[in-house]
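This report follows the strands and their order, then turns to what is packed against them, and ends with the backbone in two loops.

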Amino acid sequence: MFNSLKEENNLHHAYVCVGDVEKLFPEFESFLTEHLSVTVVGNPDYRIFEEPLLSVATARTLGFLQSGKSLGGSKKVFVVKTGSIGEEAQNALLKIFEEPTPETHFFVFMPQDTLLPTLRSRVRILREAQSENTKSTFLILSIADRLAHIKDMTDDISDEKKTKQSAIDLLNSIESELYQDGGVSV
């Protein structure tokens, strides 16, 4: 995902990285250290915020922190790892991304692009490439097996073995597969 950024001389101020956050993050930190010379350990100019739903308070905190000078004298990098961003928090981020502080960069990691169009227009979207192996097998199951799969998933969510994001991921993979295959025939 970050290969295209390696060839850029000038980083954009805000990126939204869409895909499997836990899988992408080590690749991202490697990109930072190897290609941007950003230290990710003990660097006061590198901050990570992680919330299932990004709060307005955190978005405002990001605005406050980005407005100050770099403590290390180089780039400031802010990372947000989140499942989703509410409308009010997106509006708070919009104010930050409209007039970014020089040498400040934001990387928002989320499993799917649920951004408002106004915020999306201020960021660059990087999407994780989908391989054929990640296609949903759900659609090839019988109706009985589909219902059993859904029941197992909802039970796992109730027992906190899985999160609601796993159900969202399933729906997204089904939607994507149906779109690529031309929809549902009646």
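In this predicted model, strand S1 (residues 14-18) and strand S4 (residues 104-110) pair in the parallel sense over five bridges, and within that pairing tyrosine 15 has phenylalanine 107 of S4 as its bridge partner. S1 is also joined by four bridges to strand S5 (residues 124-127), again running parallel, where the bridge partner of tyrosine 15 is arginine 124. Six bridges join S3 to S4, which are likewise parallel, and valine 80 stands opposite valine 108 in S4.

These pairings belong to an open sheet of five strands with the order S2-S3-S4-S1-S5 and parallel pairing. S2 and S5 are the edge strands, each of them pairing on one side only. On average, neighbouring strands of the sheet are turned by 20 degrees against each other, direction ignored.

How enclosed is S1 by the rest of the structure? Five of the five residues of S1 are buried, so the strand is largely enclosed. Both of its faces are covered, with Ala14, Val16 and Val18 buried on one side and Tyr15 and Cys17 buried on the other.

The packing around the sheet can be described through the nonpolar cores. The largest of them has 24 residues, and those with the most contacts inside it are Val16, Leu62, Ile85, Leu93, Phe97, Phe106 and Leu115. At least two residues of this core come from each of S1, S2, helix H3 (56-66), strand S3 (76-85), helix H4 (87-98) and S4, and H4 gives the most, with six residues. A second, separate core of 18 residues includes Leu11, Phe28, Phe31 and Tyr46. In soluble globular proteins, nonpolar side chains tend to be buried together.

Helix H4 lies across S1, S2, S3 and S4, and runs at about 160 degrees to S3. Leaving aside its neighbours within four places in sequence, isoleucine 85 is in contact with Leu53, Leu54, Gln90, Leu93, Val108, Met110 and Leu115.

For the chain as a whole, there are seven helices and five strands, which run from the N terminus on as α-β-α-β-α-β-α-β-α-β-α-α. Of the 186 residues, 37% count as buried, and the accessible surface comes to about 11,200 Å², of which 53% belongs to carbon and sulfur atoms. Along its principal axes the C-alpha trace spans about 60 × 35 × 30 Å. Among contacts between residues at least 6 apart in sequence, 76% join residues at least 24 apart.

Two loop residues remain to be described for their backbone. Most residues other than glycine have a negative phi. Serine 37, by contrast, has a positive value, and glutamate 160 also has a positive phi although it is not a glycine. The table gives the location and values of each.

| Residue | Phi | Loop | Relative accessibility |
|---|---|---|---|
| Serine 37 | near 55 degrees | between helix H2 (21-35) and strand S2 (46-54) | 64% |
| Glutamate 160 | about 60 degrees | between helix H6 (143-158) and helix H7 (164-180) | 71% |

Serine 37 counts as exposed because its relative accessibility of 64% is over the 50% cut-off. Glutamate 160, with a relative accessible area of 71%, is exposed as well.

Methods. Residues numbered from 1 in each chain as written. Predicted model: local features only at pLDDT ≥ 70, side-chain atom pairs only at ≥ 80, totals over all residues. Heavy atoms only, no water. Buried < 20%, exposed > 50% of the residue type's maximum accessible area, 1.4 Å probe, protein only. Pairing = 2+ DSSP bridges. Core = buried A, V, L, I, M, F, W, Y, C linked by side-chain atoms within 4.5 Å. Contact = heavy atoms within 4.5 Å. Axes fitted to C-alpha atoms, helices over the stretch in contact; angles between N-to-C directions. Areas by Shrake-Rupley, 256 points an atom, 1.4 Å probe, with all protein chains shown as cover.
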